[in-house]
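Reader: Could you take me through one part of this model up close? I would enjoy a connected account rather than a list.

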Amino acid sequence: MTTFDGGQAVPRDLLDEFLAAPYGDHGPALQRLLLRLRSLPAEGKHVLVEVVPFRQWRLARLRGRGQPVELLDEVFDTLEDAERHVFRLRCAMLEGADAS
């Protein structure tokens with residue numbers, strides 16, 4: 001079983017699996033990775049803000065509790081592309097995490 005404690009590279013096969021199909025059924029290892037990415041600390045985590053309903057999303061970053069999100073420059077015309085981008089950013093965040 002693969003664990004994701006941070007400070008380690010995300011396996012390329014899991015990156016490829018998600019990037020090929022962000023929605024739908026995922027294997028057990030990718031499901032564990034997604035749960036780990038969702039459990040990263042909220043502050044600094046990248047999220048999506050729907051700008052135009054069902055048509056446009058903007059990248060944002062969560063700040064501390066009670067603070068508004070920080071809107072970033074990247075804008076996406078498909079939710080799939082937006083989700084792929086956030087996935088890559090969160091994987092990078094996990095890879096850089098202190099493994100303590």
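**A close look at helix 1 and its surroundings**

Author: Happy to, and let us start where two helices meet: L14, E17 and F18 in helix 1 touch A29, L30, L33 and L34 in helix 2. By class, this contact is made of six nonpolar residues, one charged residue and no polar ones. Please keep in mind throughout that this is a predicted model.

Now for the geometry of that meeting. Two packed helices are described by the angle between their axes and the distance between the axes. Here the angle is about 85° and the axes are 10 Å apart. An angle of 65 to 115 degrees counts as roughly perpendicular, and helix 1 and helix 2 are therefore roughly perpendicular to each other.

Next, look at helix 1 by itself, residues 12–20. Its buried residues are L14, L15, F18 and L19. They lie on the same side of helix 1, because the arc they cover around the axis is only 130°. The general background helps here: an α-helix has 3.6 residues a turn, so residues three or four places apart point the same way. Turn to the face away from that buried side and you will find the exposed residues R12, D13 and A20. As for what covers the buried residues of helix 1, the list includes helix 2 (28–38) and helix 3 (79–95).

From the helices, let us move on to the strands. Strand 1 (residues 46–52) and strand 2 (residues 56–61) run antiparallel and are joined by six bridges. One of the pairs links V52 with its partner Q56 in strand 2. The two strands form a hairpin with three residues between them, and F54 in the turn has a positive phi of about 65°. Strand 2 also pairs with strand 3, again in an antiparallel manner, through four bridges. There, R61 has E70 of strand 3 as its bridge partner.

A good residue to finish on is L72, which sits in strand 3 (residues 70–76). Its relative accessible area is 14%. Buried means under 20%, so L72 is buried. Leaving aside residues up to four places away in sequence, L72 touches H46, R58, L59, A60 and R61. R61 has already appeared as the bridge partner of E70. For a sense of scale, L72 and Q8 are 64 residues apart in sequence, and their C-alpha atoms are 27 Å apart in space.

Terms used: Residues are numbered from 1 along each chain as its sequence is written. This is a predicted model: local features need pLDDT of at least 70, side-chain atom pairs count only at pLDDT 80 or more; totals for chains, interfaces and linings use all residues. Side-chain values use heavy atoms; hydrogens and water are left out. Buried means under 20% relative accessible area, exposed over 50%, partly exposed in between (1.4 Å probe, protein chains only). Contact means heavy atoms within 4.5 Å. The arc is that of the directions from the helix axis to the C-beta atoms. Two strands pair if DSSP finds at least two bridges between them. Axes are lines fitted to C-alpha atoms, for helices over the stretch in contact, and angles run from 0 to 180 degrees between N-to-C directions. Angles under 35 degrees count as roughly parallel, over 145 as roughly antiparallel, 65 to 115 as roughly perpendicular and the rest as oblique. Ala, Val, Leu, Ile, Met, Phe, Trp, Tyr, Cys and Pro count as nonpolar, Asp, Glu, Lys and Arg as charged, and the others, Gly among them, as polar.
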